[in-house]
Structures are given as structure tokens and as C-alpha cells.
Amino acid sequence: MLVLSYLLRRLLYLFPILIGVNLITFLLFFLVNPPQDQARQALGGRNVRPEQIAAWMRERGYDRPRFWNAKEAGLKKATETIFFEKNARLFLLDFGRSDVDAHPVRTELVRRIGPSLMVTLPAMALGLLLHLALALAFARFKGARAERGIDAALVALMSISGLFYIIGIQALLGKGWMWIPVSGWADGLDAWRFVIGPVLISLVAGTGASVRFYRALFEEELGRDYVRTARAKGLPESRVLSLHVLRSSLVPIATAVVAGLPFLVMGSLLLESFFAIPGLGNYTLDALNQKDFAIVRAMVFFGSLLTILGLLLTDFAYLLVDPRIRLGGKKAGRLLPVWLFVVGATLVLAIVGHLSDPAIRAVQAAAPLAAAAPATPALWPGNLGAALALAALILLPLLLMRTLEGQRLKATLASSRLAQGCLAVVLFFIAIAWLDSVRWREIVKDSAGKVVLDPRTAEPARAQQATSLLDAGLLSAWRLAGAPVAKIADLSEKTYSAPFAKTLFVNTTDPSTGERRKETLKHPGRHPMGTDKAGSDVFLRAVKGVRTAVLIGILTTLLALPFALLLGVAAGWYGGWVDDLVQYLYTLISAIPGVLLVMAFVLLFGQGLWQICVVLGLTGWTDLCRLMRGETLKLRELPFIASARALGARDARILRCHVIPNLTYLVLVNLALAFSALVLAEATLSYLGIGVDPGTGSWGVMINDARLELSRDPVVAWPLLAAFASMFALLLPANLLADQIRGALDPKSGSKP
Amino acid sequence: MTPLLRVEDLHVHFRSVEAVAGISFEIQKGEVLALVGESGSGKSASALALTRLLPERAAEIRGRALLGDTDLLSLAPRDLRRVRGGRIAYVFQEPMSALHPLLRVGRQVAEAVRQHRPGVPAMKEAVRLLGETGLPDPERAARAWPHELSGGMQQRAIIAMALAGEPDLLIADEPTTALDVTVQAQILELLKTERRKRAMAVLFITHHMALLTSFADRIAVMRHGKIVEQGPFLEVISAPKHPYTRGLLACVPRLGARLKRFPTLSEVAP
Ligand SMILES: Nc1ncnc2c1ncn2[C@@H]1O[C@H](COP(=O)(O)OP(=O)(O)OP(=O)(O)O)[C@@H](O)[C@H]1O
Ligand SMILES: [Mg+2]
């Protein structure tokens with residue numbers, strides 16, 4: 001009975017989250033990006049006739065009014081609408097039909113869950129066993145040397161992109177030794193052959209992060225009083241670890257496992273696309289590529305539904321594992337603000353949606369053909385950003401030095417060679433990114449060296465392609481090395497050449513003699529990392545990838561930070577309904593699986609650096625906010641805050657002088673830890689084709705371009721290796737530095753000398 | 001007569017801090033030695049160092065701790081485990097955090113029985129021990145989760161756990177500090193009874209001098225990681241030689257004495 005009422009209350013709390021997800025899908029898919037635009041995108045962008053659009057919408061039922069159908073009678077006024085037919089029906093698990101081939105989405109879901117689970121279930125179960133066992137084994141290694149060694153190895157494993165493991169293991173086991181099929185699928189249990197590879201890869205790829213996570217948990221447990229009691233009883237260390245430590249780590253482990261459940265069902269996008277597994281991950285990716293809005297919309301809802309079920313399961317896991325947790329929880333009355341908020345949001349959306357309908361139609365009619373992307377993107381935002389960044393780079397250390405955190409960081413830096421080295425490398429990468437951000441357009445000259453005039457403005461014409469300080473520097477370096485190049489594009493060759501080669505990598509047929517030979521390069525011996533299939537210099541591409549990685553790594557957190565800080569502190573400080581709403585908001589956002597949110601964003605707003613920063617910031621915001629809220633909650637209860645209050649200090653002052661400064665360390669540590677995760681995410685997303693647009697330099701794009709080259713004969717490995725090596729060269733020091741920063745700032749870790 | 005435990009020139013370093021700066025003392029069989037001193041003087045560090053229970057990475061221990069004629073500080077881990085709980089048992093200050101929150105009380109006691117007295121039916125013995133320490137319904141207490149017991153009951157459970165290995169020496173590190181006054185007296189009474197019944201030596205750590213009357217045989221006074229004075233209990237408190245000891249005694253409230261306020265240590269023992 002108690003369990004039942006508890007369950008009911010949890011449902012009453014979780015259901016508004018589902019409604020929220022539903023509203024968000026509506027907001028994204030029908031307000032921000034109305035069906036007319038979707039039709040235009042699906043039909044191929046430019047030069048689509050209005051009749052075509054109308055037909056497309058009619059066939060798929062998007063021609064209804066959005067919220068209120070005045071033409072119909074009775075209840076149909078509300079149901080014969082897009083909101084009801086396309087959005088509210090998701091609650092009934094009616095996912096509608098594909099926009100492209102009109103297949104029902106639900107049958108497809110049911111069919112594809114199997115293959116997804118066949119890969120992810122064993123991967124999760126074996127991963128849990130393997131990584132826990134490893135972490136337990138490592139916990140027994142005592143002594144500073146061994147510990148530091150293991151830790152360094154794990155950090156190194158973590159600093160390697162998952163793409164590397166996938167491509168490497170697939171190439172080695174599949175193509176090299178032919179132990180596993182390279183890709184494919186079979187029905188029923190015969191699929192096991194195709195499962196081995198992906199499972200193995202996810203075991204290896206997860207090792208670094210998972211083992212470190214478990215190790216940190218164990219480390220914390222090992223310091224507890226009850227572990228000392230267990231040792232004082234004379235228990236062998238193996239029993240202390242396997243019973244006492246493991247038992248109390250179960251709660252966070254269970255949380256992590258359950259939180260991963262939706263991803264089990266959704267499948268791993270990367271693995272499925274690599275091994276051509278007909279699971280849900282591949283389904284979503286295909287839908288994205290075909291601009292199938294209906295499927296992506298359905299998947300966003302479905303994924304969130306799974307997350308919410310996962311949350312419910314977490315509650316049960318807690319109940320099972322931890323006897324201290326009562327079936328208490330929030331009273332139903334406390335949920336009122338959340339419900340009010342949801343209802344209010346629905347109404348606002350309805351009204352805005354209804355009112356904007358004619359407006360949008362009018363705009364559509366007036367400007368039927370989108371003049372899409374501007375021909376040349378403006379450069380000033382980048383340059384302004386670069387100037388601001390320079391100012392920040394100079395001011396930040398100065399500001400930091402005035403805080404306790406800054407002093408501790410300085411002490412750590414002064415005493416640790418490793419930290420100095422890591423910081424130097426990271427700063428080097430930031431410097432490259434900065435140099436690559438200061439850009440201008442060169443004046444075009446003809447072959448005779450004369451300035452070309454723009455026929456329209458009669459001013460000197462400017463190059464389409466922007467040049468950055470970095471480009472200029474690299475060009476002069478090349479010239480110094482003896483290559484006659486005037487602009488970056490001149491560096492290209494016809495096609496592949498090996499590092500430092502003097503001739504092309506592949507034979508070409510001489511048309512006059514019919515003889516097969518290797519052509520000499522334009523710049524023989526001048527390509528330190530060779531050239532790729534299109535003939536671009538690999539070194540140049542690798543260097544140009546730095547800006548994207550660093551920008552996303554830093555900007556994203558900076559974008560998320562103000563929201564997280566503001567909302568988190570407000571929730572923790574004021575409690576009550578503010579807290580309820582903030583908690584609701586971040587649970588809502590984090591209920592939508594990140595990749596799906598990114599996909600939806602890219603589908604609706606296109607690819608690009610900014611889009612990625614915004615959407616990653618939107619997803620990253622929640623974790624930080626949760627942290628801030630928890631910490632503020634703790635701080636509020638501390639005696640020094642109470643005494644400040646007793647002295648009559650106002651809230652604003654307490655927040656500014658006592659609370660925010662005490663959050664500095666969390667912010668810094670989080671910034672450092674998030675950086676490498678974001679760099680990895682960017683590469684993965686760009687690889688999947690949902691990151692930056694392919695024209696931008698990015699390691700993910702590089703990997704995508706080069707991934708098929710391993711199956712060439714002879715193998716062309718250098719473009720891939722260059723991308724992975726650059727990523728590793730940035731991530732390893734960044735991760736090590738983040739660790740050092742955490743060590744220096746975390747009050748729990750004590751002040752290491 | 002050879003002492004039960006002889007500690008010679010024990011040092012404990014935490015990185016740069018010297019928590020224990022070379023102390024020596026002895027405990028005879030069945031004797032109660034009180035270790036007193038202000039907070040941070042190194043009492044807990046000394047007691048934990050004896051069976052190397054300090055965090056291995058942080059603490060560096062030097063000196064000798066002879067139990068009979070084996071040096072605990074150079075003992076192999078295997079043999080050390082036999083000493084922990086089997087010959088030297090601990091009762092800690094915070095009963096709540098000393099019990100594992102996710103294991104039932106009986107199981108935690110039984111674990112100690114099983115470790116040191118193989119062949120004895122562990123669960124039954126655990127219940128018996130819980131009863132012996134004065135828990136009203138030992139059967140139920142054994143099945144309870146730690147958080148379902150009160151602080152005093154938790155401390156009894158911990159004492160039961162300590163007694164499970166039938167130790168020769170019980171180290172009680174401020175066992176009553178976290179409890180309220182009436183419960184303090186009960187726990188102290190329990191320790192006294194058990195000690196008499198088992199002829200067990202006790203190293204009793206406290207900074208509450210008043211608890212020691214009619215309990216301690218000898219006393220050692222610690223300050224800044226050193227033992228500044230030690231000797232038979234009555235001798236030391238009736239004629240303290242070291243000014244610090246006098247200071248500590250001056251801080252004990254006495255019935256009927258009229259004071260404007262209690263002196264602080266820095267005033268009486270510069
Ligand atoms: N794990 C540790 N790491 C670093 N320093 C420690 C650690 N444990 C104790 N210390 C330091 O060792 C010194 C002695 O501590 P100890 O716990 O022995 O004091 P105590 O006499 O038991 O005090 P109390 O009466 O408050 O329990 C203190 O200065 C303390 O800060
Ligand atoms: Mg102590």
C-alpha cells in the first residue's frame with residue numbers, strides 16, 4: 001500500500017516532465033520551425049513551388065491549424081489540430097508515420113529494439129563486471145608509485161576518442177585478422193557473430209572513464225569510519241573491499257546503471273552506424289539524413305519516456321539497496337507549482353501557436369523562396385570574440401590570484417612539473433585557436449599581381465575564403481621551407497601522398513605513353529603528415545581542427561555557466577517553489593537524451609559551431625545546475641552564513657560575498673573536467689555528421705573523411721592517425737590538468753603540498 | 001612481569017605534521033590505562049597507529065609496539081589481522097559512522113566472531129553478545145539496520161563487536177563523547193563490567209577527566225604529541241607534577257565549587 005502511494009506520487013511528479021518534453025518537441029518542431037519550412041527542407045530547399053509545399057503538408061496531415069480548428073465542430077475543434085494529432089498522440093504511444101516513406105514508426109521501433117539491445121545489453125553487463133573487477137583490483141594496489149601509474153594509464157585511455165577504438169578494433173579484428181565480421185546482421189541468435197565486435201569495442205572504450213568512476217567511489221568509501229571498523233575487526237582486505245566497500249558503493253553504481261538504461265534501448269549511434277546494425281540508433285541517424293522530422297520527433301519523445309522510466313527504476317533501486325530511504329518523498333501538495341507551471345506553459349504555447357499561425361503563413365507567402373545562407377559569413381563576431389578572449393586570458397589570472405582558489409592553483413602549479421607541462425600544452429592549443437580566430441579577407445589579385453575590382457561596388461574584391469593569423473603564419477613557414485605557395489589552397493596536391501613523400505602515393509597512367517607511374521608532387525617533401533584523398537595537407541587540417549575543438553570546449557561551458565549559476569543558486573537558496581521549478585526544469589532537459597536533442601537541433605537549425613555550442617550548453621547546463629543547487633543548499637546551513645544573517649546582512653550581500661565565492665572551486669573544477677568531454681563530443685558529433693558543418697576544420701570531420709581509407713590497399717593511415725594524435729595531444733594534458741586542478745581545489749582531497 | 005603491550009618511541013607523521021612525537025608507555029594485563037589530553041594532541045593517532053589503522057598513504061609510523069614479544073609495526077598483514085579484533089579491539093567515538101549503514105547489526109557482529117573464533121555459531125554468538133552488552137531485545141537488534149538504533153544502542157553494538165574476538169586489550173577512543181550524559185554513564189558502566197568479567201586490559205582515551213574516577217588504574221597525559229606525565233591514577237591527580245596536568249584538572253567542574261567561569265587551558269598551563 002505504502003509502495004503504491006509512493007509510486008503514485010512519483011508518477012505525479014514524473015508525468016509533468018513527460019508533458020514538458022512533449023511541449024518542447026512541439027515548440028521545436030511546430031513553432032520554431034513550422035511545417036512549411038520542414039516541407040521546404042524535405043523537398044530540397046531552394047526553388048520549391050508553394051503548391052508542392054502545400055501538397056507535401058496535406059499528404060502528411062500538417063495542413064491542419066496548430067491549436068484550434070475553427071472549421072470543425074464540437075470536440076473536433078481541438079482534436080483536428082497539429083498539436084493533438086502530431087504531438088499529444090505521442091502520449092498514447094502513437095508515434096505516427098514516417099514523413100519520407102509513410103511507414104508507421106511504432107512497428108519500426110518494435111522491430112529495431114531487438115538488435116539494439118543485443119549489442120547494448122551484453123556491453124553494459126560485461127562492462128559493469130569487468131570495470132568493477134578492475135577497479136576493485138586496482139583499489140588493492142597500495143603505494144604512491146603504483147597508484148599514480150594506474151591513474152595515468154586510465155587518464156590516457158580516457159583521452160582517446162571512442163572513434164579510435166571503433167575504427168582501430170574494427171580494422172584490426174575485422175579486416176586485419178578477420179576474427180569478426182566487419183559489419184552486417186543476421187536474424188535471431190545467429191546475430192551473435194556480429195555482436196562480438198561492437199561489444200568488445202564498447203568494453204575497451206569505456207574502460208578509462210568507468211574504472212576511474214568506480215575507483216573514485218571506492219576511494220571515497222575507503223576513507224569512511226565503517227571501513228576502519230571493518231579493518232579493526234581483523235577482516236582481510238579482500239573482504240573489506242568486496243563486502244563493505246562494494247555494498248555502500250552500490251547506490252551510486254545502481255544510479256549510474258539505471259541512468260544508462262534509455263541508452264541501452266536507444267542503442268549506440270556510433271556502433272550501430274559502424275557495424276551496420278539495424279537498431280534504433282541507425283534508424284534515427286537515417287531519419288536525420290533523410291530529414292524525416294516525424295521519426296526524429298518520435299524518437300525524442302520515446303527516448304525521454306525511457307529516461308523517465310529509468311528515473312522511476314532508480315527510485316526502486318534505491319529502495320532495494322538502501323534501507324535508510326523511506327517511502328517518504330515529496331507530498332503531493334508540493335507538486336502543485338510544477339503542475340501549475342506545466343499548465344501555464346501549455347496555455348502560453350497554445351496561444352502563441354494559434355496567434356502566430358496566420359503571421360507565419362503571411363511571411364511564408366511574402367517570401368516564399370528562402371535566400372538561405374548569406375554568401376559570405378561576417379567575420380567581425382569572430383574577431384570581437386578573439387579580442388574578448390585575449391582580454392579574458394590576461395584578466396582571468398589576475399582576478400583569480402585575488403581568490404583563495406587562485407592561490408592554491410598557483411601553489412600546485414609551482415610545485416608540480418606535470419601541471420606546468422600540461423598547462424603549457426593546453427595554452428599552446430589555446431594560442432593556436434586564438435591565432436586561427438583573428439581573420440580577415442585578403443584582397444584578390446590577378447596573376448599579374450594587379451588588384452581585381454569588384455564589378456558591382458568598384459572596390460577591390462575580397463577573397464571568399466577568410467585568412468587567419470594562423471594561416472598567414474603557416475604560409476610563411478611553408479615559404480621558408482622552400483615551397484612556393486601564395487595562398488593556403490595552393491598547398492593542395494592532386495590526391496594522396498605519404499608523409500614527406502616526393503611523389504604521389506598512387507600510380508597514374510600517363511596518357512601519352514600509357515605507362516603507369518607515380519607523379520611528382522607540387523611541393524615534394526613539404527607535407528610532414530602527407531595529404532589526404534582530396535590532396536589537402538593533413539598537417540594543415542589537423543591544425544585547423546584545433547580552433548573548433550578549443551572553442552567548443554570552452555564556449556559551451558561559458559554559455560551554460562550563467563544559467564546554471566543563477567538557477568542553481570536561486571533554487572538552493574530560496575527553496576520552496578523556486579527550487580521545485582528549477583528541479584523540474586533540469587530534470588526535464590536532462591530527460592531528453594543528449595544526442596537526440598542535438599539531432600533535433602541540427603535538423604531544425606542546421607550545422608555549425610554556434611549551434612553545437614548552444615545545444616551542448618543546453619544539455620550541459622543541467623549537471624552544473626544540479627551541482628550548484630546542492631552546494632548552495634549545503635552552504636545555506638553552515639554557521640557562518642547563519643551568523644552573517646544574524647548580523648542583518650541582506651540576501652543579495654550574503655549571496656555575493658559568501659555563497660558565490662564558495663562555489664568558485666566547483667565552477668573551476670567543472671570547467672576543467674567538462675573541457676575534454678566536450679572536445680570528444682564535438683569530434684563524435686562532427687563525425688556523425690551532426691556537428692560543425694563539413695567546411696569547418698574539425699577532427700571529427702577529418703576522421704569521417706578518412707575512415708574508409710583503412711580498407712584501401714595499401715592502407716592509408718596517416719590522415720586518421722593525425723586526427724587522433726592531435727586529439728590525444730590536447731586531451732591528455734587537459735585531463736591531467738583537470739585532475740590537478742581538482743586535487744588542488746577540492747576541499748575533501750586536502751591540501752597536497 | 002612482562003607487560004601486555006609496550007610502546008617504545010612511537011612517532012606518527014601526517015605529511016609535514018608530526019601528530020605523535022615519540023611516546024612510550026606500557027599496559028599490564030587487565031590494567032586500565034587512561035590517555036588524556038586536549039583535542040588534537042595525538043591520542044587517536046597513537047591508538048590507531050598501534051594496529052596500523054591509519055590511512056596508509058597519509059601516515060608514516062615509526063617506533064615499536066610490542067604485544068608480548070611481537071612488534072605490531074613490522075608484522076605481516078596476515079598476522080596483523082589476527083591481532084586486530086582478536087587481541088586488540090577498538091571502540092570508536094562516533095557509533096553512527098562506525099557501523100556500516102547498509103549491513104544489519106547482527107551480521108556486522110557475527111562477522112567479527114567468524115573471523116576470530118571459527119567453529120562458533122556466529123549468528124547465535126552475535127545475539128548473545130548483543131544481549132550481554134545490555135540491548136533489551138537482542139534478537140531484534142541483530143536484525144535491525146544501524147540507523148534504527150539509538151546512539152547508545154549503536155555504541156553497545158560496537159562494544160559487542162569489539163568483544164566478539166575476546167581481545168586482551170580494548171582500546172576505547174572517547175567512546176562516550178557523542179552520547180548524552182545518562183547514556184554516557186551507562187556505557188561506562190558496561191565497559192567497567194566487561195573489563196572486570198574478562199580481565200581485559202583497557203586503553204581508555206578521553207579528555208573528560210571526571211569519567212576516570214573508579215575506573216583508571218594509571219594515567220598518561222598527552223600534549224602536542226608527547227606524553228608529559230604518566231603514573232598511577234590517584235598519584236597523578238592528587239599531586240600533578242606537570243603544569244599542564246594541573247591545568248587539565250583545574251578545568252574539571254567540581255560539585256559545590258563556585259567559579260565565575262571555567263579557566264581555559266592557556267590560562268592555567270602556559
Ligand atoms: N588523516 C589525517 N591526515 C592528516 N592529519 C591528521 C589525520 N588524522 C589526524 N591528523 C592530525 O594529527 C593530529 C592529532 O590528531 P588526533 O586525532 O590524534 O587528535 P586527538 O588527540 O585524538 O584529538 P580529539 O580529542 O579531538 O579526538 C591533529 O593535529 C590532526 O590534525
Ligand atoms: Mg581523537
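This dialogue reads two contacts in a predicted model.

Colleague: Start with the chains. How many residues does each chain give to the contact of chain B and chain A?

Modeller: Begin by counting residues on each side. Chain B supplies 29 residues and chain A supplies 23 residues. Then look at area. The two chains bury about 2600 Å² between them, with 58% of that on carbon and sulfur atoms.

Colleague: How many salt bridges are there between chain B and chain A?

Modeller: Look for a basic nitrogen within 4 Å of a carboxyl oxygen. The count here is 2 salt bridges. One of them can be named: the side chains of B:E111 and A:R239, at 3.1 Å from N to O. Polar contacts are tallied too, and 11 residue pairs make them across this interface.

Colleague: Which element of chain B gives the most to the side that touches chain A?

Modeller: Helix 4 of chain B, with 7 residues. Elements giving two or more residues are strand 6 (88-91), helix 3 (95-98) and helix 4 (105-116) of chain B. By class, that side of chain B has 13 nonpolar, 7 polar and 9 charged residues.

Colleague: Now a helix pair. At what angle do helix 15 and helix 22 of chain A cross?

Modeller: Compare the axis directions. Helix 15 (residues 293-321) and helix 22 (residues 576-591) of chain A cross at roughly 125°, and their axes come within 8 Å. That angle makes helix 15 of chain A oblique to helix 22 of chain A.

Colleague: Which residues of helix 15 and helix 22 of chain A meet?

Modeller: From helix 15 of chain A come A:G303, A:S304, A:T307, A:I308 and A:L311; helix 22 of chain A brings A:T587, A:S590 and A:A591. Sorted by class, the residues of this contact are 3 nonpolar, 5 polar and no charged.

Definitions and conventions:
Residues numbered from 1 in each chain as written. Chains lettered and ligands numbered in written order. Predicted model: local features only at pLDDT ≥ 70, side-chain atom pairs only at ≥ 80, totals over all residues. Heavy atoms only, no water. Contact = heavy atoms within 4.5 Å. Buried area = accessible area lost by both parts, 1.4 Å probe. Polar contact = N/O pair within 3.5 Å; in protein donor to acceptor, adjacent residues only side chain to side chain. Helix = DSSP H or I, 4+ residues; strand = E, 2+ residues; numbered from the N terminus. Nonpolar A, V, L, I, M, F, W, Y, C, P; charged D, E, K, R; others polar. Axes fitted to C-alpha atoms, helices over the stretch in contact; angles between N-to-C directions. Parallel < 35°, antiparallel > 145°, perpendicular 65-115°, else oblique.
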